[in-house]
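Biologist: Please take me through one part of this model in detail, with the cut-offs behind each term you use, and then set that part in the context of the whole chain.

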Amino acid sequence: MSLSKNEKYLTIAELFNILNNFQLNYAYSGDFTNDLTERILSLAETNMEVESESLKMKKKVYFIIVESLQNITRHQGVSKSNGLMDGFFSIHKFSGGYLIGSGNTIENKNIESLSQKLEKVNSLNAEELKEYQKSVLSAGDFSEKGGAGLGLIEIVRKSGNKLSYDFINVDSQNSYFYFQAKITEATDLNNNPEEKTNYDIVKNVHKVVTDNNLKIFFQGQFKHENVRSLLSMAEGSIYLTEKFNFKKTSVAIMIELLQNISYHATGINNTEDRPGLFMVADNNNICSLITGNYIENPKINELIKRIDYVNSLDDQEIEKLYLETIVMEQDDNRQGAGLGFIDIRIKSKNKIEVEMIPYTENKTFIIIRANISY
């Protein structure tokens with residue numbers, strides 16, 4: 001097999017290795033509707049259940065996700081009307097807490113006011129924040145774009161940490177606003193009043209997402225519970241709702257790819273783990289569904305052999321193989337004949353692409369990509 005040397009694949013693989021320091025990563029870029037935000041919240045809840053998070057942590061994370069998503073939806077009209085970058089949301093779990101990041105376009109005329117609010121809440125300790133919240137509530141300075149910094153105050157109080165943010169100039173009228181909250185069980189507001197968490201994670205993930213035209217990025221454990229929620233989030237994406245047949249095909253291929261990870265991926269230190277990544281990309285009227293996971297090296301040759309054979313067949317030959325394989329799969333002694341790859345090849349009407357990056361002497365990181373024209 002001739003393997004692709006596409007630099008974007010390598011960038012994604014490198015990011016995967018970097019983000020392995022986190023136990024969970026996912027991101028979404030695009031339009032944020034009420035339905036989609038509900039699905040994002042559902043995925044977050046499911047993953048926190050899988051991670052057995054405390055009720056206290058769940059409440060903190062849920063609140064800050066809601067605030068972040070509301071901020072994106074309030075300002076996404078600027079992006080739509082000016083053809084600027086889409087809204088962006090990401091969440092990353094580390095040992096002891098979470099990083100929740102967001103990005104959206106903001107008009108330059110609003111930067112000074114927002115910066116002042118951010119600097120104000122970052123300068124206060126826990127008791128001062130409490131008093132400041134009371135004064136803001138008493139002032140009653142609200143608008144259709146939200147409260148006068150009330151959301152920011154609550155995020156700092158609930159997260160227990162200072163906020164990270166940055167403004168990247170887009171043009172003479174607009175900038176892109178990066179925002180990140182670090183959530184931990186304990187607060188350090190009183191002890192480290194000047195501390196701000198690093199926002200490089202959200203910016204780096206956003207760069208990979210935009211460079212590769214990704215709509216959805218998920219990295220974590222692929223277990224039954226979160227695979228189902230992940231599929232629901234992907235299915236609810238605005239990107240997949242325009243054409244019914246396209247959506248139906250995309251979801252069917254997603255199921256095959258996600259099942260492939262949950263069944264065949266190998267862990268790094270624990271064979272019961274199923275670490276991997278799943279992405280949806282949009283490139284010139286082609287939807288790319290991409291998965292990545294570790295595989296044991298002795299299994300590579302058989303996998304490549306199956307994909308090469310499936311890719312070598314024309315439409316009639318692949319349909320014939322599909323029927324033959326269904327019969328074979330009904331025989332208990334012939335399980336695993338490769339029906340999943342055959343089905344992906346038929347439904348996508350394109351060859352399956354593969355990229356492999358050596359990881360250790362025993363394992364390789366493999367990326368599988370299915371392209372669907374629309």
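Modeller: The crossing of α5 and α6 is left-handed, a term used when the near helix is turned anticlockwise from the far one by less than a right angle, with right-handed used for a clockwise turn. The model is predicted, so local features need pLDDT of at least 70 and side-chain atom pairs count only at pLDDT 80 or more, while totals for chains, interfaces and linings use all residues. Residues are numbered from 1 along each chain as its sequence is written, and side-chain values use heavy atoms, with hydrogens and water left out.

The axes of helix α5 (residues 126-139) and α6 come within 10 Å and cross at roughly 160°; these axes are lines fitted to C-alpha atoms, for helices over the stretch in contact, and the angles run from 0 to 180 degrees between N-to-C directions. Helices are DSSP runs of H or I with at least four residues, strands are runs of E with at least two, and both are numbered from the N terminus. α5 and α6 are therefore roughly antiparallel to each other, given that angles over 145 degrees count as roughly antiparallel, under 35 as roughly parallel, 65 to 115 as roughly perpendicular and the rest as oblique. On the α5 side the contact (heavy atoms within 4.5 Å) is made by Leu129, Lys130, Tyr132, Gln133, Val136 and Leu137, and on the α6 side by Leu150, Ile153, Glu154, Val156 and Arg157. By class this contact has 7 nonpolar, 1 polar and 3 charged residues, where Ala, Val, Leu, Ile, Met, Phe, Trp, Tyr, Cys and Pro count as nonpolar, Asp, Glu, Lys and Arg as charged, and the others, Gly among them, as polar.

Helix α6 (residues 150-159) also meets helix α4 (residues 111-122), their axes coming within 10 Å and crossing at roughly 30°. That angle makes α4 roughly parallel to α6, and α4 passes α6 in a right-handed crossing. Leu114, Lys117, Leu118 and Val121 of α4 make this contact with Leu152, Ile153 and Val156 of α6, and its residues divide into 6 nonpolar, no polar and 1 charged.

As for the setting, the chain has 12 helices and 10 strands, and buried residues make up 51% of its 374 residues; buried means under 20% relative accessible area, exposed over 50% and partly exposed in between, with a 1.4 Å probe and protein chains only. Of the contacts in the chain with a separation of 6 or more, 72% are accounted for by residues 24 or more positions apart. One long-range case involves Leu43, placed in helix α2 (residues 34-50), which is 183 residues from Asn226 in sequence yet 6.7 Å from it in space, C-alpha to C-alpha. Leu43 is buried, with a relative accessible area of 0%, and, not counting residues up to four places away in sequence, it touches Tyr26, Phe218, Asn226, Ser229, Leu230 and Met233.

Elsewhere, 7 of the 10 residues of helix α12 (residues 339-348) are buried, so α12 is largely enclosed by the rest of the structure. Lys349, in the loop between α12 and β9 (353-358), has a positive phi of about 60° although it is not a glycine, and at 67% relative accessibility Lys349 counts as exposed.
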